[in-house]
Amino acid sequence: QVQLVESGGSVVQAGGSLRLSCAGSGRTFSSFSMGWFRQAPGKERRFVAAINWMHDTSYDDSVKGRFTISRDSVKNTVDLQMTNLKPEDTAVYYCAARSPGRPRSEYDYWGQGTQVTVSS
């Protein structure tokens, strides 16, 4: 069974930092693009960051300069380092995996999400 399991969500004060991790199991994701998405209460899920198999990265403008995505293809993990957190970063954060050749908006596997709450 293929799974993505996120961890690291917590409550943090504005200006603080947090590191999310996502562990994949059931298959290797080394050739996959890995992404982080988030969904705030009452809002649609939105793209946050992605990293491909060559470690090229992309970010939503709202997190550029504050968040860093990284991966360890041997360990089958992808992390999201978040700094200078703001209350508007509060959301459930999801890890996702996209197989090679699929459109950038279409991800094959999703985790269950981890809650990040930033207090002001």
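Is Cys 22 buried or exposed? In this predicted model, Cys 22 is buried, since its relative accessible area is 1%, and a residue counts as buried when that value is under 20%. The briefing below follows Cys 22 into two settings, namely a disulfide that it forms with Cys 95 and the lining of the largest cavity, where Cys 22 is also listed.

**The disulfide**

- A disulfide is a covalent bond between the sulfur atoms of two cysteines.
- The count for this structure comes to one disulfide, and it is formed by Cys 22 and Cys 95, whose sulfur atoms lie 2.1 Å apart.
- This pair links distant parts of the chain, with Cys 22 in strand β3 (residues 18-25) and Cys 95 in strand β9 (residues 91-98), the two cysteines being 73 residues apart.
- The link of Cys 22 and Cys 95 is left-handed, with an angle of -75° about the S-S bond.
- Cys 95, the partner of Cys 22, is buried as well, because its relative accessible area is 0% and therefore falls under the 20% cut-off.

**The cavity**

- The structure has one cavity of 30 Å³ or more, and the largest cavity holds about 60 Å³ of space.
- Among the residues that line the largest cavity are Leu 4, Cys 22, Phe 29, Met 34, Arg 71, Asp 72 and Val 78.
- Strands β3, β7 (67-72) and β8 (77-82) each supply at least two residues of this lining.
- By residue character, the lining of the largest cavity divides into five nonpolar, five polar and two charged residues.

Key:
Residues are numbered from 1 along each chain as its sequence is written. This is a predicted model: local features need pLDDT of at least 70, side-chain atom pairs count only at pLDDT 80 or more; totals for chains, interfaces and linings use all residues. Side-chain values use heavy atoms; hydrogens and water are left out. A disulfide is a pair of cysteine sulfur atoms within 2.5 Å. Helices (H or I, at least four residues) and strands (E, at least two) are DSSP runs, numbered from the N terminus. Buried means under 20% relative accessible area, exposed over 50%, partly exposed in between (1.4 Å probe, protein chains only). On a 1 Å grid over the protein atoms alone, a cavity is a set of points where a 1.4 Å probe fits but cannot get out, and a pocket is an open set with protein on both sides within 12 Å along at least five of seven lines; lining residues have an atom within 4 Å of a point. Grid points are joined across faces, edges and corners, and a volume is the space filled by probe spheres set on the points. Ala, Val, Leu, Ile, Met, Phe, Trp, Tyr, Cys and Pro count as nonpolar, Asp, Glu, Lys and Arg as charged, and the others, Gly among them, as polar.
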